[in-house]
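Here's a quick briefing to read alongside the structure. Have the viewer open so you can follow each point as it comes up.

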Amino acid sequence: MKTYSLKESEINRDWYVVDAAGQTLGRLSSKVAAVLRGKHKPTFTPWLDNGDFVVIINADQIAVTGNRENAKMYYRFTGYAGGLKETNLRGLMATHPERALELSIKGMLPHNRLGRELARHVRIYPGAEHPHEAQNPQPSSMGA
């Protein structure tokens with residue numbers, strides 16, 4: 001008996017809509033990363049992009065536990081000397097609420113060209129409105 005290997009022509013992708021309101025940042029990110037990767041499918045192949053598309057709404061209502069709003073720091077570098085900028089989770093959520101979720105999901109994907117391709121399959125919106133009605137999204141099983 002031969003081992004089954006998925007082919008590019010056999011990949012079937014679905015759309016999921018996830019409501020992030022009240023869900024914990026890390027737990028939601030790990031579930032979304034698994035769906036983006038395709039680990040929930042019986043035809044999972046580690047070297048292929050056979051995951052699904054995910055639309056996340058209400059990213060501004062994500063929950064964190066403990067003192068994480070003040071203690072969790074995000075860093076970026078401008079490219080100039082002394083240009084290291086830092087902000088905590090509270091400041092990031094005030095300016096770009098979708099970026100915290102995006103960075104969390106990207107950190108859970110492979111750090112290679114496959115991971116960069118998978119990161120393009122997620123759309124994150126701070127509010128409840130999103131323009132993806134035409135793709136016939138499926139209800140999420142990732143929620144609470």
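**The hairpin, then a helix pair**

Strand E3 (residues 73-77) and strand E4 (residues 84-88) run antiparallel to each other, paired over 5 bridges. Bear in mind that this is a predicted model. After the hairpin, we'll turn to helices H1 and H4, then zoom in on one serine from each.

**More on the hairpin**

- Looking for a bridge to click on? Arg76 has Lys85 in E4 as its bridge partner.
- Between the strands of the E3 and E4 hairpin sit 6 residues, and Gly79 in this hairpin has a positive phi near 105°.

**How H1 and H4 meet**

- The H1 and H4 axes come within 9 Å, crossing at roughly 55°.
- That angle falls outside the roughly parallel range (under 35 degrees) and the roughly perpendicular one (65 to 115), so H1 and H4 are oblique to each other.
- As for handedness, H1 and H4 make a right-handed crossing.
- On the H1 side, the residues that meet H4 are Leu25, Leu28, Ser29, Val32, Ala33 and Leu36.
- On the H4 side, their counterparts are Ala100, Leu101, Ser104 and Ile105.

**The two serines**

- Ser29 belongs to helix H1, which spans residues 25-37, while Ser104 is part of helix H4, residues 97-107.
- What joins the side chains of Ser29 and Ser104? It's a polar contact of 2.8 Å.
- Is Ser29 buried or exposed? Ser29 counts as buried because its relative accessibility is 0%.
- Ser104 has 16% relative accessibility, and it counts as buried too, because the cut-off is under 20%.
- Leaving aside residues up to four places away in sequence, Ser29 touches Leu101, Ser104, Ile105 and Met108.
- With the same neighbours in sequence left out, Ser104 touches Leu25 and Ser29.

**Zooming out to the chain**

- Overall, you've got 5 helices and 6 strands.
- Starting at the N terminus, the order of elements is β-α-β-α-β-β-α-α-α-β-β.
- The C-alpha atoms fill a box of roughly 60 × 35 × 30 Å along the principal axes.
- The chain has 144 residues, and 37% of them count as buried.
- Among contacts with a separation of 6 or more, 68% are between residues 24 or more positions apart.

Conventions. Residues numbered from 1 in each chain as written. Predicted model: local features only at pLDDT ≥ 70, side-chain atom pairs only at ≥ 80, totals over all residues. Heavy atoms only, no water. Helix = DSSP H or I, 4+ residues; strand = E, 2+ residues; numbered from the N terminus. Buried < 20%, exposed > 50% of the residue type's maximum accessible area, 1.4 Å probe, protein only. Contact = heavy atoms within 4.5 Å. Polar contact = N/O pair within 3.5 Å; in protein donor to acceptor, adjacent residues only side chain to side chain. Pairing = 2+ DSSP bridges. Axes fitted to C-alpha atoms, helices over the stretch in contact; angles between N-to-C directions. Parallel < 35°, antiparallel > 145°, perpendicular 65-115°, else oblique. Left-handed = near helix turned anticlockwise from the far one by under 90°.
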